Structures are given as structure tokens and as C-alpha cells.
Amino acid sequence: MTSSKTPLPNNGGMENEAGLEAGLEGGRKRATINDIARLAGVSKKTVSRVINQSPFVRDETRERIEAVIAEWGYAPDPQARGLAFRRSFLIGMIYDNPNPQYVVNMQLGLLDGIRGSGFELVVHPCDRSSPTFLQDIRTFVERQKLFGVVLPPSVSEDERVAKLLREIGCEYIRIASVELDKPEHMIVGHDRVGGEVMGAYLVELGHREIGFISGLPSFRSSHERRGGFEDALSKAGVALKPDYVVQGAYTFESGLACGEALLAKTPRPTAIFAGNDEMAAGVLQAARRAGLQVPADVTVVGFDDFQIAQAVWPPLTTIHIPTREVGRIAAEKLIGAAAREKRDPNSTIPYLVVRESSGAPPAG
């Protein structure tokens, strides 16, 4: 079999190409960029330009190379490409989030955003309370030679992380409830808008005795969601009583404990707004344990509209946060692909989804 490093002689090209194809078909070797170049009858540089979506390749040449790549299943190695171009074709996701569904949805969005770009995704779970938090991030970025990183909440809200990334010259996108950085580094989630929408909805249903379960105080979203909720109640002349507010941790278990505490109060709240769907699912369990029917005896609503919102009974009325879409936009913005198509500026704005867990307060 002809070595991929051996140039095709002018008078024996067909024979050498046949030997190369036989070797690939026989599974004795994986296609390399040199193999693709020889099978397509072009230079290695031309193949590289096609892989990296350079506009300086004629359409017919591009199509021929892409056909050969598709036929032989060639995939460039991101690390090798990084060495060749003095940069990595890896992007990182650095997160510290107790909600596994958020993490999964964000990863899916990031993968949507880099599909077809040649970039790959690597993830780095971390603990913001760790004494080695910043050093761990530095090590991760430098060891992987990352092109850039996407920072979801709550890591995105830590100014030390953004400062570190600027110092080491790593591109980044922060996803947060409010604008914390220059626009080119931000995707804003508008959690306060979602809280306000839910507050207006519950007031419209007739609720006045409303319980609220906040998320972790280390998350900006906890404050924004509560702030928007209180704004809506205030506009309607309804007060959020301090003893009807309890702090959760964005987990099912904390929602169960907080739900039990709120449902034990006298008078009992006619509606409970949990700061995310995991906690709302916990409240549903607390209501069942107390022998209460949802929504006949108490309305339960959440925030996020993750998969759990439709997996519980009754399905949750909630605020939809387009997490996967946010991830896709963040990835495209990071790698400079956002201009490929115009984005709806409202595509990250949360909105209300009404399901069976909400209704008017019980009579009397």
C-alpha cells in the first residue's frame, strides 16, 4: 500500500490511487488529510481551506473535496488542527449548577451551535466555593488550549472568572440574567421579565396569598426572578408577605421541604411560585403528602420549563426559558458564526406556559 507521505508519481497516479483506496477499504488505515488531497487530486493546503470554510476555493473544487471527505469519513482532529493553526478548535463549557437538566440542555444548545464548524466541546464542572476554583479553571483552559469558553450561571456571574480569562487571552461568552459585561461577551436571559410575567398571571387568576420559594442566593437569577415577581404584585397592589418567602436550593429536595413549610402556614397560601421546576416538583409532592389537590386546593407554578415540567402530575404551569437556544446562540457568537443568519432579538425572552397545575384560588 502506498504511504500517505509518498507523493504520487506523474506516470503512476492511477495505480497508487487504487492502492490507497484498497488500503482504506480494507480497514488497514484511517483516511488522513494527505489521503483526501491525493484522492481529490488537490494539494493538502486546498483540503485544509475547505475544512476551514475558506472562501478562496472554487465551488467545483470544494464540491469534489467534500465528496471525497464524505465518502471516506474523514474527520480532522481538533487538537492537530489547533497545532497547525496555532490555536485550538475546542470550546469549553465551565459550570457550577445544581440542576442537571439545565446542564444537559445547555450542552445540547452548544453542540447545535458548533455543528458543522469543525469545533468540538469539552466540559468542566467546578465548585465556586473551592479554594482552587480559579486555578482549576486556568489549568483547564491552558491544558486544553481552548479557543474560548461559554460560562453559564452561576460561574458567569463571578467577575473573577471573566478577569482571569481576559488575563490569559481566552475568548468567552457569559450567560446571565442581566448584562454584566460588554455586549460581545454577553447573552442576557431576562429572568426578571419571567418573574414579572408569572406574578401578573397569578394575580389575574385571583390569588392574593402567594408563597414564593427562591433559589440559591449565589445565583443572580434568584434575585431577578423574585424581583420581577414582586414588581408585578406591587403593580397590582398585592404584597408578598415576608413569612411566605422561603429559600430553596434549586433542587427537588429543597422544594419538598419549603413546600411543606409553606403549606403548614395559617392561612395557607392559595398559590406557590417556586423559583425553578425542580423545586416546584418538590412542592407537588409536599401537597400530595398533605392530602391537597393541585390546583383545586393550591396552585403550584415553576420556572424554566425543563423536561420535568411535563413529566410530573399535574404538568406544571411555568416560565419557559429557551436554554437550548441560548446555548446555540452563545456557541455561534463565540466562534464568530452568529452572522450566518439573523437572530430574533427576542429569542431569549422568557414566556408563560400554562398547564394543569394552576387555577383560581379555592372558594371561601
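User: Happy to start with the strands: how many bridges join β8 to strand β9?

Analyst: This is a predicted model, so let's read the pairing as it is modelled there. Strands β8 and β9 (residues 299-301) run parallel. Within that pairing, I272 stands opposite V300 in β9. The number of bridges joining β8 to β9 is three.

User: What is the hand of the β-α-β crossover from β8 to β9?

Analyst: Follow the chain from β8, and it passes through α12 before it arrives at β9. Along the way, α12 lies across β6, β8 and β9, at about 155° to β9. The crossover is right-handed.

User: And on the β6 side, which residue of β8 is the bridge partner of G211?

Analyst: Strand β6 (residues 210-214) runs parallel to β8, and four bridges join them. I210 has A271 as its bridge partner in β8. For G211, the partner in β8 is I272.

User: Nice. What is the order of the strands in the open sheet?

Analyst: There are four strands in this sheet, with parallel pairing. β7 (245-247) and β9 each have a single partner strand, so they stand at the edges, with one side of each left without a neighbour in the sheet. The twist from one strand to the next averages 15°. Put together, the order is β7-β6-β8-β9.

User: What angle does the direction of α11 make with that of β6?

Analyst: Helix α11 packs on the sheet, where it touches β6, β7 and β8. Its direction and that of β6 make an angle of about 155°.

User: Are the residues on the two faces of β8 buried or exposed?

Analyst: On one side of β8 you will find A271 and F273, and on the other I272 and A274. Both faces are covered, and these four residues are all buried.

User: Which element gives the largest share of the largest nonpolar core?

Analyst: This core has 24 residues, and I213, L263, I272, V298, V300 and L316 touch the most other members. The elements giving two or more residues to this core are α11 (252-263), β8 (271-274) and α12 (277-289). With seven residues, the largest share comes from α12.

User: Which residues does L263 touch, leaving out those up to four places away in sequence?

Analyst: L263 is among the core members that touch the most others. With residues up to four places away in sequence set aside, its contacts are R268, I272, A286, A287, L292 and V298.

User: How many residues are in the other core?

Analyst: This core lies apart from the one that holds L263. Among its members are Y95, V103, L121 and I175. Its residue count is 23.

User: Let's look at helix α2 (residues 33-40): how many of its eight residues are buried?

Analyst: The buried residues of α2 are I33, D35, I36, A37, R38, L39 and A40. Just after the helix, G41 takes a positive phi of about 70°. The helix is mostly covered, and its buried count is seven.

User: One for the cysteines: does C258 count as buried or exposed?

Analyst: The cut-off for buried is under 20% relative accessible area. C170, at 6% relative accessibility, therefore counts as buried. C258 has 9% relative accessibility, so C258 also counts as buried.

User: And how many disulfides turn up in a search of the whole structure?

Analyst: That search covers the whole structure, not just one part. The number of disulfides found is zero.

Technical notes
Residues are numbered from 1 along each chain as its sequence is written. This is a predicted model: local features need pLDDT of at least 70, side-chain atom pairs count only at pLDDT 80 or more; totals for chains, interfaces and linings use all residues. Side-chain values use heavy atoms; hydrogens and water are left out. A nonpolar core is a set of buried Ala, Val, Leu, Ile, Met, Phe, Trp, Tyr and Cys residues joined through side-chain atoms within 4.5 Å. Buried means under 20% relative accessible area, exposed over 50%, partly exposed in between (1.4 Å probe, protein chains only). Contact means heavy atoms within 4.5 Å. Two strands pair if DSSP finds at least two bridges between them. A crossover is right-handed if, with the strands pointing away from the viewer, the path from the first strand over the helix to the second runs clockwise. Axes are lines fitted to C-alpha atoms, for helices over the stretch in contact, and angles run from 0 to 180 degrees between N-to-C directions. A disulfide is a pair of cysteine sulfur atoms within 2.5 Å.
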